[in-house]
Amino acid sequence: MSLDACMQAQGLAAALCNGLQALGANSQRVRMTPGSLAVCSVDLDSALRQQYPREPRWDYGVQCRRGQSEQIAWVEVHPATSGEVEAFLRKLGWLKKWLQKAARQCKALPDSFHWVATNAGVHIDSARRRRLNAAGIRMPRGRLEL
């Protein structure tokens, strides 16, 4: 199932955008590698703000196509400092729970989870790097290549 079908099933079809448009100014932080295409995207944070006002909502979802293969890249743009690792992991946990609730509609394509650092750079100590690694998350980068 596509990101489009997932968002429609969740009543969020209006939040879906072509390409990387849902990322707004943050779209410049994501680069599509040669042969890859951003099919569509969603600003999940904005789309779910009213429904989950006090939850640590995730930022974006992007459906990517490379040849015949497709996946959904879940992208969080967030300051990349040691003090923000726990906040990021809470957001990741929230996203995974939300996806699990929507599993029937949203679980056909493989997922990948990415942390894109804001302009302040990446400043994460080794202990918190290990926590990210244990959670299956690569170190944040200032620019993501999909």
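I began at Arg57, where a polar atom of the side chain lies 3.4 Å from the backbone oxygen of Pro53. The model I am reading is a predicted one.

**Arg57**

I looked up where Arg57 sits, and found it in the loop between helix H2 (44–47) and strand S4 (60–66). Is Arg57 buried or exposed? Its relative accessibility is 10%, so Arg57 counts as buried. I then listed its contacts, leaving aside neighbours within four places in sequence: Asp45, Leu48, Arg49, Tyr52, Glu76, Lys91 and Trp94.

**Ser41**

Next I turned to Ser41, which lies in strand S3. Its relative accessible area is 0%, and I noted Ser41 as buried. Which backbone atom lies 2.8 Å from a polar atom of the side chain of Ser41? I found the backbone oxygen of Gly19 there. The backbone nitrogen of Ala22 also has a polar atom of the Ser41 side chain at 3.1 Å. Not counting residues up to four places away in sequence, I found that Ser41 touches a list of residues, including Leu3, the run written as Ala15, Leu16, Cys17, Asn18 and Gly19, and also Gly61 and Val62.

**Ala14**

I checked Ala14, which is in the loop between H1 and strand S1 (16–18). Ala14 counts as exposed, at 84% relative accessibility. I also took the distance from Ala14 to Val42: their C-alpha atoms are separated by 9.3 Å, with the two positions 28 residues apart along the chain.

**The cores**

I looked for the largest nonpolar core and found 28 residues in it. Met7, Leu44, Trp74, Leu95 and Trp98 are those with the most contacts inside this core. At least two of its residues come from each of helix H1 (3–9), strand S3 (36–43), strand S5 (69–81), helix H3 (85–101) and strand S6 (111–123). H3 gives the largest share, eight residues. I added a general remark: nonpolar side chains in soluble globular proteins tend to be buried together.

I followed Trp74 further. Leaving aside its neighbours within four places in sequence, Trp74 is in contact with residues among them Leu3, Met7, Leu44, Trp58, Tyr60, Leu95, Leu99 and Phe113. I then noted a second, separate core of 14 residues, which includes Cys64, Val75, Val116 and Leu144.

**H3 against H5**

How do the axes of H3 and H5 cross? I found that they come within 11 Å and cross at roughly 10 degrees. H3 and H5 are therefore roughly parallel to each other. On the H3 side I listed Val85, Glu86, Phe88 and Leu89 as making the contact, and on the H5 side Arg128, Arg131 and Leu132. By class, I entered four nonpolar, no polar and three charged residues for this contact.

**The two ends of H5**

At the start of helix H5 (residues 126–134), I found a side-chain oxygen of Asp125 that reaches to within 3.2 Å of the backbone nitrogen of Ala127. Just after H5, I noted that Gly136 takes a positive phi of about 80 degrees. Gly136 has its place in the loop between H5 and strand S7 (144–145). I looked up its relative accessible area, which is 58%, and entered Gly136 as exposed. My last entry is the separation of the C-alpha atoms of Gly136 and Ser112, which is 9.6 Å for two residues 24 apart along the chain.

Note on methods
Residues are numbered from 1 along each chain as its sequence is written. This is a predicted model: local features need pLDDT of at least 70, side-chain atom pairs count only at pLDDT 80 or more; totals for chains, interfaces and linings use all residues. Side-chain values use heavy atoms; hydrogens and water are left out. A polar contact is a pair of N or O atoms within 3.5 Å; within protein, one must be able to donate a hydrogen and the other to accept it, and residues adjacent in sequence count only if both atoms are side-chain atoms. Helices (H or I, at least four residues) and strands (E, at least two) are DSSP runs, numbered from the N terminus. A nonpolar core is a set of buried Ala, Val, Leu, Ile, Met, Phe, Trp, Tyr and Cys residues joined through side-chain atoms within 4.5 Å. Buried means under 20% relative accessible area, exposed over 50%, partly exposed in between (1.4 Å probe, protein chains only). Contact means heavy atoms within 4.5 Å. Axes are lines fitted to C-alpha atoms, for helices over the stretch in contact, and angles run from 0 to 180 degrees between N-to-C directions. Angles under 35 degrees count as roughly parallel, over 145 as roughly antiparallel, 65 to 115 as roughly perpendicular and the rest as oblique. Ala, Val, Leu, Ile, Met, Phe, Trp, Tyr, Cys and Pro count as nonpolar, Asp, Glu, Lys and Arg as charged, and the others, Gly among them, as polar.
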